[in-house]
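Please open the model in your viewer and keep the sequence panel beside it. The tour below moves from one selection to the next and describes what you will find at each stop.

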Amino acid sequence: MSGLFDQIQHLYDQSLYSNVISLANLVLSLNDHNYNLLPSSTKFLVYVYCANSYFYLGKYRRAESLYKESLQLRKCLLKLKGATKPNQEGQKELASDVDIKYQIHLCLVKLKNSQEALQVLQSIPGKQRTPKINMALAKMFQEQGMERSAIASYKEVLRECPLALEAAEGLLALGVKGIEVNSIIMGCNLNLQNFDWLNAWIKAHAHINSREYNHAVTTLRSLDNVNCLIDNHNLLVTMGECYYYAGDYKNALMCLRRARIIEPDTTRGLDIYAAVLQRTEHVKELEKLIPFVSSMSECSTESYTAMAYALFGLHKLNKANTIANQAIAIAPNNVEAIILRGNVLIEQKKYQDALHHFRQALQLKPHRYEAHKGLADCFVGMHRLREASNIASSAYKQLGPTPRVLTLYASVLMKDPVTVGKAKNLLEKALTQEETYLPAVYYLAEIYEQEMNLEAAIELLKKQAEVQPTCKLHQMLGDLWARIHNAEKALDHYAIALNIDPGDRRVLEGMHRLESTSNTMDSSSYYMAVGEEHTDPTYEVGEGLPDTDNDEAADESETEAVWSDMDLEANSQ
């Protein structure tokens with residue numbers, strides 16, 4: 001071997017990639033004028049080292065070009081007598097045609113040319129495909145909707161690597177039964193003493209992919225104990241995601257908080273954590289996310305989505321919209337970011353643009369409740385009630401009569417005086433299933449108020465306030481007592497509401513009305529107050545968040561540094 005090649009190899013082994021490139025370029029130029037400088041097989045290896053160095057430095061276009069040149073050189077080498085085998089055992093892996101094609105695929109993925117990346121992998125004969133190749137093929141097949149091919153590739157991975165859990169998850173996500181996945185794994189005769197945790201893990205993920213989130217949580221909770229997987233970050237995040245998809249934000253937040261305490265620097269679950277904080281109006285925790293995310297060196301789609309949710313929760317709509325768009329640019333199929341951007345556009349009253357995003361989310365994940373709700377909200381905001389009703393009815397049929405789906409359907413039917421009775425029945429049915437579901441409580445109290453059944457409205461709200469006191473409940477009770485001229489009880493409830501949220505605008509307005517006049521407050525203003533706010537800030541179209549144009553201008557200096565950092569990181573991507 002040439003001494004020059006030994007130096008290139010030494011630089012490469014020391015990860016001095018820019019130095020490898022500099023020396024290799026000079027050596028290859030010298031070799032062009034002196035063919036005896038490097039043997040052909042050595043020249044091939046120099047090309048591979050140089051291509052790998054460009055790849056590690058993030059220069060994927062140049063790396064791809066050199067990998068392709070090395071493949072052409074390898075074909076020429078194979079035609080030469082005696083050049084079919086590398087001279088040294090340690091060079092076999094580098095000389096592999098399969099590995100070079102895999103690297104070309106990685107370059108093309110980085111360059112967002114997924115179709116050509118798939119074609120490169122498919123050009124590798126089936127018998128030469130390693131688990132690494134089959135795993136990459138399976139993911140690309142799955143992304144492009146080629147389900148049968150994806151299933152076949154995932155199964156090949158599991159047969160050689162039975163504890164490749166991501167491959168097992170891929171099979172379950174594609175509809176393969178948990179029993180079949182379990183049989184593939186167990187058929188490999190693994191020598192492990194305890195398989196109970198693995199069986200439970202497969203069972204839980206089978207429930208998740210069947211959208212049986214309550215059953216999944218029950219199984220996962222059985223693993224979260226001192227004898228098994230207590231305080232495991234991935235387990236807690238998965239549990240949090242199940243609760244979130246089922247609409248149980250309280251338990252989702254508990255699990256995700258635990259996960260973040262255990263591994264505070266990881267991005268997995270960060271977007272869902274921010275989404276739950278925004279939906280439960282934990283503004284202070286959202287504020288803490290902004291400096292944390294902006295200090296992260298990893299600009300992932302999860303971190304951008306989390307930042308966008310934080311800005312959305314702080315009423316920075318324009319910036320939230322931009323950051324959410326950057327999250328989508330990194331991962332076009334990021335449903336969470338797509339739904340978030342749709343909700344931001346609704347708050348900006350850009351209903352037509354929001355429609356596009358929710359339709360895309362529904363196409364990607366037809367069983368996501370938020371996509372159905374977003375479409376209904378858009379049509380309500382555009383005063384197209386029939387279409388909104390059709391969307392809500394479709395959600396009812398597709399997702400089932402869960403409390404939040406029943407409440408969504410009722411919220412649309414309430415807009416039409418003809419169908420208020422049906423809405424009332426749906427809300428009562430929702431509360432029969434889950435009597436503490438506050439959005440249904442708020443809407444039903446509003447219907448009672450419209451029917452002038454004030455006693456029923458007060459009784460309904462009082463019952464909930466005893467179990468789960470919220471600012472909204474006491475604000476509504478204060479308004480109701482004020483309507484029936486009981487100023488003392490009205491002020492009591494307003495005081496409790498202010499104790500929960502000292503800055504609540506509706507409570508302050510109610511107290512001001514009570515103090516400024518002894519007459520009964522105008523019922524129409526009450527209807528407006530009730531309709532504007534709910535526990536889930538997405539429940540009413542275009543309401544729940546104030547106009548932010550002036551707010552953003554006032555707070556510009558406060559967030560400009562963070563915004564600049566995120567913008568620079570996005571550009572570097």
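Begin by selecting residues 471–504, where the C-alpha atoms at the two ends lie 8 Å apart and where the span is 79% helix and 0% strand. Next select residues 233–266, a span that is likewise 79% helix and 0% strand, with its end C-alpha atoms 10 Å apart. Both stretches appear in the UniProt record, an unreviewed entry, which lists residues 233–266, 335–368 and 471–504 under "repeat: TPR".

Before going further, colour the chain by confidence, since this is a predicted model. The mean pLDDT of the chain is 84, and 87% of its residues reach 70 or more. Two stretches to pick out in this colouring are residues 86–94, where the pLDDT is below 50 and the model has 15 contacts beyond near neighbours in sequence, and residues 519–573, where the pLDDT is also below 50 and such contacts number 111. Where pLDDT is low, the predicted coordinates should not be read in detail.

Now select helix 7, residues 131–143, together with helix 9, residues 165–173, and turn the view until you can follow both axes, which come within 11 Å and cross at roughly 30°. Angles under 35 degrees count as roughly parallel, and helix 7 and helix 9 are therefore described as roughly parallel to each other. Their crossing is left-handed. To see the contact itself, show the side chains of Met135, Lys139 and Gln142 in helix 7 and, facing them, Glu166, Ala167, Gly170 and Ala173 in helix 9. Sorted by class, this contact of helix 7 with helix 9 has three nonpolar, two polar and two charged residues.

Keep helix 9 selected and add helix 11, residues 196–209, whose axis comes within 9 Å of that of helix 9 and crosses it at roughly 35°. Which hand does the crossing of helix 9 and helix 11 have? Helix 9 passes helix 11 in a right-handed crossing. On the helix 9 side, the contact is made by Leu165, Ala168, Glu169, Leu172 and Ala173, while helix 11 contributes Leu198, Trp201, Ile202, His205, Ala206 and Asn209. By class, there are eight nonpolar, two polar and one charged residues in this contact of helix 9 with helix 11.

For the last stop, select helix 16, residues 283–294, and helix 17, residues 301–313, which pack at an angle of about 145° with their axes 9 Å apart. The crossing of helix 16 and helix 17 is left-handed. Here Leu286, Leu289, Ile290, Val293 and Ser294 of helix 16 meet residues of helix 17 including Ala306, Met307, Tyr309 and Leu311. The residues of this contact of helix 16 with helix 17 divide into nine nonpolar, three polar and no charged.

Terms used: Residues numbered from 1 in each chain as written. Predicted model: local features only at pLDDT ≥ 70, side-chain atom pairs only at ≥ 80, totals over all residues. Heavy atoms only, no water. Axes fitted to C-alpha atoms, helices over the stretch in contact; angles between N-to-C directions. Helix = DSSP H or I, 4+ residues; strand = E, 2+ residues; numbered from the N terminus. Parallel < 35°, antiparallel > 145°, perpendicular 65-115°, else oblique. Left-handed = near helix turned anticlockwise from the far one by under 90°. Contact = heavy atoms within 4.5 Å. Nonpolar A, V, L, I, M, F, W, Y, C, P; charged D, E, K, R; others polar. UniProt positions renumbered as here; feature names shortened; annotations may be inferred. pLDDT = per-residue confidence, 0-100.
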